[in-house]
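Here are a few notes to read alongside the model. Take them one at a time, and find each residue on screen as you go.

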Amino acid sequence: MSNHKHLLSATAILTILAATPAFAENPGNMKKISFNITSAYNQKIHIISTDREKWNKIKPGQVRFYGKIDLVSKRVPLFRTLIRHAGVVLGRCGGYCNTAPLLYQSNFVGKRKFKTGRNFILNTARIPVSSPGHVATQPFGNDMIRRCNQHLSAEGPSEKYSFDYLLPAMLVVDTVQVTSLNNTDGSDAGTLPDTWNHDIDFNKTSFFRVKVVCDPVIKPTTDGFAAAEPNFKVKDVKMFLSTFSHATTKPNKATVCKKGRVLVRISTSKKGPVKFRLWTKVGNKPMQNQVIEAWSSFRGSGKYHAEYKKWVTTSKNATFKAMVEDMTNPIGQSSGWKNLKLNCTGAGGGGLADKPNTSDPDNNIPDRALKVTGKISLSAKSQRRGRKSRKVKVFFRIWANKKGDTRYHLNCGKNRIWQGSLKTSRIKGGKYRGFRSKSFTITKSERVACALRSKSKPGNPVIALASKQFVVVKRNLNLGGKGGLTAAPRSTQRSKFMRTKHNSKKSAIRNLRRTKPAKVKKSKMLPSLLRNSRAGLRKRQ
């Protein structure tokens, strides 16, 4: 009966504590707070100029990165900490984040554990930038614009400039300490509001990397068009048609279609204005053309070019055609007609392509850059007796971080050159590996040196080097030639000492055989001695 009384008293105490407002808002304790970010490849924030005097605005767009959240609260006797909400905001903030752009927020969780991995999207138009009568609540936008304006030319923002920039993202957690044993299930995410409106009991900050691009503009003159430098001319006209896995449109609820991108690149001898006409045709629609003016600026390594991008859409499976004509030079160049298939899935028919269809080497989708490494091993079998050559074996391996065949070029000198395509297979660590061997014969001692190049990467870089000395032994060497040595022939006669020793031994054996054994003479005293000994023996008896 006493045990029941103690149990009722403990329950009553917990009920009173749970009803206390100060206790109900106790945040409790966390056992684990993990927030890891993986920066996406080639994510860009563009800075533009609206007054053609300096860079002053962030171009609207999106930046993506991937993050993992893992939360576990502590369990203590009679109490437990529940996670109410979890979210991610741009930048860092204190007790409240009402002004920080919100990147993610979960619905009510109501659990001790919360774990998720997802893509986060930052709308670049929400990065605060100061303006007349308004002060930015975060420094990142102003800092990007300031760094761009440090590279203004005499003509203003006329030359492209880019740099890497780290942005912080903070995980914010709202918790509560309770005594109830109920475990209310919650969902991962709901409608995303603009800012975080909950308490911040725990937080953790991580960083992701972006590339900031200061876009150049055309500096107009009195005639309304920029003047080019002397000896300015267009050297090359290129056009790339591409589709991307994440670039789609929905003409209706049941149809998803690929978008096509046109990238025009005009290479020039110096910086200056360019003018070209772009022809486009989507499916059976009428052909269209537009005249475009752009500015060619310095791109590094003594190169100048202007770029122009345009997206095209369709509501059903169609073939997109495009061509570019240069209008800068008196005799303009042309890229020629190029085709691109735009596929749809659902009610529009067709299906989405399994892989991105792109002819653009400067592909800017969030994807990993191709990395290729290699290793070369040189070996040779032992030289057999009577052979005057050795067989050398070259065994090489190639690792890549992407699936697909890898093209290679192997050069071991003296016309020992091989090239081709190597099939790779997946191994541990998300890598792909392929291997192959080549062999050749050497007839004299030499140091074999081999270089392995990857032809799948621009510039065909060397990915592996190896060298080794191999010795070939010449049998029956002819050392008696001019300037050589003459080896004395081996004598077939025995030395004088050996002949004397051998002859003396033979004569000793021959003389021993000729000698007759000596005759043994009988003794006359033997019989008397025997008689005396017998007589003495009888007397004793």
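1. Let us begin with a word that comes up often below: two residues are in contact when heavy atoms of theirs lie within 4.5 Å. Please also keep in mind that this is a predicted model.

2. With that word in hand, try Leu71. Which residues does Leu71 touch, leaving out those up to four places away in sequence? The list is Met30, Lys32, Ile33, Ile83, Ala86, Arg112, Lys113, Phe114, Leu171 and Val173.

3. Leu71 also has a place in the largest nonpolar core, which has 37 residues. Leu71 is among the residues with the most contacts inside this core, together with Ile45, Ile47, Ile69, Val88, Leu167 and Phe208. Strand β9 gives the most to this core, namely six residues. Another core lies apart from it and has 23 residues, including Phe396, Ala400, Phe440 and Ala466.

4. Next, find Ser73, which sits in strand β4, residues 62-73. Is Ser73 buried or exposed? Ser73 counts as buried because its relative accessibility is 0%, and the cut-off for buried is under 20%. A polar atom of the Ser73 side chain lies 2.6 Å from the backbone oxygen of Thr81. Setting aside residues up to four places away in sequence, Ser73 touches Thr81 as well as Asn29, Met30, Lys31 and Arg112.

5. Asn56 belongs to a loop, the one between β2 (44-48) and β3 (57-58). With a relative accessible area of 25%, Asn56 is partly exposed. The side chains of Asn56 and Thr50 are joined by a polar contact of 2.9 Å. Beyond four places away in sequence, Asn56 touches Ile48, Ser49, Thr50, Asp51 and Ile145.

6. Stay with Asn56 and Ile145 for a moment. How many residues apart are they along the chain? The answer is 89, while their C-alpha atoms are separated by 6.2 Å. This is a nice pair to pick out on the structure yourself.

7. Last comes His198, in the loop between β9 (161-178) and β10 (202-214). His198 has 22% relative accessibility, so this residue counts as partly exposed. Leaving out residues up to four places away in sequence, His198 touches His85, Gln105 and Asp174. The C-alpha atoms of His198 and Val172 are separated by 9.2 Å, and these two residues are 26 apart along the chain.

Definitions and conventions: Residues numbered from 1 in each chain as written. Predicted model: local features only at pLDDT ≥ 70, side-chain atom pairs only at ≥ 80, totals over all residues. Heavy atoms only, no water. Helix = DSSP H or I, 4+ residues; strand = E, 2+ residues; numbered from the N terminus. Buried < 20%, exposed > 50% of the residue type's maximum accessible area, 1.4 Å probe, protein only. Polar contact = N/O pair within 3.5 Å; in protein donor to acceptor, adjacent residues only side chain to side chain. Core = buried A, V, L, I, M, F, W, Y, C linked by side-chain atoms within 4.5 Å.
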